[in-house]
Amino acid sequence: MTFRSSRQSRSIRVLTVLLAVAALVMVDPAACPAHAAVPTQCQGTETVTYSPGVTFTPQNIQITVSGRFGSCLGGTGQVTSGTYGEQFTIFVGCNDLFDGFEGQRVVEWNTGDSSVIEGTGSSTAAAGQVVTTFTGTVVQGRFQGASAVQTVTLVQPGLLQCLTTGFTKATGLTTLTVV
């Protein structure tokens, strides 16, 4: 009989703990944030236009970035796609496309909310491609507090383009990972 009452007592304690945890989650929204960072990876494309075209002579270039994540996996399944875009001016030429940078990127998700990512980036040339990696933190919106890494692979400007009219547009693949 002691075995049975000990077993019932343990079951009651376990049930009590489970009910307390359930009550805490229902009462305290901070215990279960609506946009908690759950590993999410998105694949897509990015197009960058340069005006005027980038040549070997450094000059102020207006850069317009347009990106689309057409496929996102992981997370809670709510985020399935997203877009981003930005416009800025930099002083650059074909010889210094690989300088480091810092900035902010805002991704608008299919759910109607967004993520503001602040970070730093750098580019390298490999096998005729420019690979840019942007590493930062989500400072506002969905996934706030999570780390983010975006990699963009674009075609490297050709020597002939840099010598003549300039490199004016590039499109390539991009991947964003939020953890």
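Is Arg105 buried or exposed, and at what relative accessibility? In this predicted model, Arg105 counts as buried because its relative accessibility is 9%, and the views below begin with the whole fold before they return to that residue.

**View 1. Overall fold of the protein, with two helices and eight strands.** Read from the N terminus, the elements follow the order α-β-β-β-β-β-β-β-α-β. The eight strands close into a barrel in the order S1-S2-S3-S4-S5-S6-S7-S8, with antiparallel pairing, and neighbouring strands of this sheet are turned against each other by 25° on average, direction ignored. Of the 179 residues in the protein, 30% are buried. Among contacts with a separation of 6 or more, 57% are between residues that stand 24 or more positions apart. The accessible surface amounts to about 10600 Å², and carbon and sulfur atoms contribute 59% of that area.

**View 2. Arg105 and its two carboxylate partners, Glu46 and Glu86.** Side chains of opposite charge can pair when their charged atoms come close. The side chain of Arg105 meets that of Glu46 in a salt bridge, with an N to O distance of 3.4 Å. Arg105 belongs to strand S4 (residues 101-109) and Glu46 to strand S1 (residues 40-54), so this pair ties together parts of the chain that are 59 residues apart in sequence. Glu46, like Arg105, counts as buried, because its relative accessibility is 5%, and the cut-off for a buried residue is under 20%. Arg105 also forms a salt bridge with Glu86, where the closest N and O atoms are 2.6 Å apart. This second pair links distant parts of the chain as well, with Arg105 in strand S4 and Glu86 in strand S3 (residues 82-92), 19 residues apart.

**View 3. The salt bridge between Asp113 and Arg142.** A search of the whole structure finds three salt bridges, one of which joins the side chains of Asp113 and Arg142 at 3.0 Å, N to O. Asp113 is placed in the loop between S4 and strand S5 (114-126), while Arg142 is placed in the loop between strand S6 (129-141) and strand S7 (147-155), so the pair ties together parts that are 29 residues apart in sequence. Both Asp113 and Arg142 are buried. Elsewhere, salt bridges with shared partners join Glu46, Glu86 and Arg105 into one network.

**View 4. Strand S6 between its partners S5 and S7.** Strands S5 and S6 run antiparallel and are joined by twelve bridges; within this part of the barrel, Ser122 stands opposite Thr133 in S6. On the other pairing, S6 and S7 also run antiparallel, with nine bridges between them, and Val131 has Thr153 in S7 as its bridge partner. S6 and S7 form a hairpin with five residues between them, and Phe143 in the turn has a positive phi of about 70°.

**View 5. The two faces of strand S7 and its pairing with S8.** In a regular strand the side chains alternate between the two faces of the sheet. In S7, the covered face carries Ala148, Gln150, Val152 and Leu154, whereas the uncovered face carries Ser147, Val149, Thr151, Thr153 and Val155. S7 runs antiparallel to strand S8 (residues 167-178), and six bridges join the two. Val152, which belongs to the covered face of S7, has Thr174 in S8 as its bridge partner.

Definitions and conventions
Residues are numbered from 1 along each chain as its sequence is written. This is a predicted model: local features need pLDDT of at least 70, side-chain atom pairs count only at pLDDT 80 or more; totals for chains, interfaces and linings use all residues. Side-chain values use heavy atoms; hydrogens and water are left out. Helices (H or I, at least four residues) and strands (E, at least two) are DSSP runs, numbered from the N terminus. Buried means under 20% relative accessible area, exposed over 50%, partly exposed in between (1.4 Å probe, protein chains only). Contact means heavy atoms within 4.5 Å. Accessible areas come from the Shrake-Rupley method with a 1.4 Å probe; for residues, only the protein chains shown count as cover. A salt bridge is a side-chain nitrogen of Lys or Arg within 4 Å of a carboxyl oxygen of Asp or Glu. Two strands pair if DSSP finds at least two bridges between them. Axes are lines fitted to C-alpha atoms, for helices over the stretch in contact, and angles run from 0 to 180 degrees between N-to-C directions.
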